[in-house]
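The following exercises concern a single protein model. Please examine the sequence and the coordinates before reading the worked solutions.

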Amino acid sequence: MKPIKTLIIGLGQIGMLYDLNHENRDLVLTHSKAVSQNIYFELVGGVDKDNVKCREFSKQFGKKAFKEIED
């Protein structure tokens, strides 16, 4: 079975930030980390209006991040 391609919309706390700010790196607290570690899903990118969050997402997950869903 091919993994489900998944786009994370909203890179705030539950989208990405809880994992980045938590001292225990083994915990999975966000949608981005959960999807990236699950063999049934393929993380293809993220969307957020905040450029800083987009850059951090790309840095952490090696995927493109966009300001608009349409992009």
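**Exercise 1: Strand 2 and the surface patch**

Phe41 is placed in strand 2, residues 41-47 (helices, H or I with at least four residues, and strands, E with at least two, are DSSP runs numbered from the N terminus). The model is predicted, so local features need pLDDT of at least 70 and side-chain atom pairs count only at pLDDT 80 or more, while totals for chains, interfaces and linings use all residues. Residues are numbered from 1 along each chain as its sequence is written, and side-chain values use heavy atoms, with hydrogens and water left out.

Task: classify the exposure of Phe41 and state which residues form a nonpolar patch with Phe41.

Solution.
1. Phe41 has a relative accessible area of 34% and is therefore partly exposed (buried is under 20%, exposed over 50%, partly exposed in between, with a 1.4 Å probe and protein chains only).
2. Met1, Ile4, Ile39 and Tyr40 join Phe41 in a nonpolar surface patch, whose accessible area together is about 630 Å². Areas follow the Shrake-Rupley method with a 1.4 Å probe, and for residues only the protein chains shown count as cover.
3. Patch members have over 30% relative accessible area and no salt bridge; nonpolar side chains (Val, Leu, Ile, Met, Phe, Trp, Tyr) are joined within 5 Å, and like charges within 9 Å.

**Exercise 2: A second position in strand 2**

Task: determine whether Gly46 is buried or exposed, and list its contacts.

Solution.
1. Gly46 is also found in strand 2, and its relative accessible area of 0% makes Gly46 buried.
2. Beyond neighbours within four places in sequence, Gly46 contacts Leu7, Ile8, Leu11, Phe57, Lys64, Ala65 and Phe66 (contact means heavy atoms within 4.5 Å).
3. The C-alpha atoms of Gly46 and Lys63 are 7.6 Å apart in space, for a sequence separation of 17 residues.

**Exercise 3: A buried acid**

Task: identify which backbone nitrogens the side chain of Asp48 reaches, and find the nearest side chain of opposite charge.

Solution.
1. Asp48 belongs to the loop between strand 2 and helix 3 (51-61).
2. Its side chain reaches the backbone nitrogen of Leu11 at 2.8 Å and that of Asp50 at 2.9 Å. A polar contact is a pair of N or O atoms within 3.5 Å; within protein, one must be able to donate a hydrogen and the other to accept it, and residues adjacent in sequence count only if both atoms are side-chain atoms.
3. Asp48 is buried without a salt bridge, and Lys53, the nearest side chain of opposite charge, is 4.5 Å away (Lys and Arg count as positive, Asp and Glu as negative; His and the chain ends are not counted).
4. At the start of helix 3, a side-chain oxygen of Asp50 comes to within 2.8 Å of the backbone nitrogen of Val52.

**Exercise 4: The salt bridge**

Task: locate the partner of Glu68 in a salt bridge and explain which parts the pair ties together.

Solution.
1. Side chains of opposite charge can pair when their charged atoms come close.
2. The structure holds one salt bridge (a side-chain nitrogen of Lys or Arg within 4 Å of a carboxyl oxygen of Asp or Glu).
3. Glu68 pairs with Lys49, with the closest N and O atoms 3.3 Å apart. Glu68 lies in the segment after strand 3 (65-66) and Lys49 in the loop between strand 2 and helix 3, so the pair ties together parts 19 residues apart in sequence.
4. Glu68 is partly exposed at 34% relative accessibility, and Lys49 is exposed at 59%.
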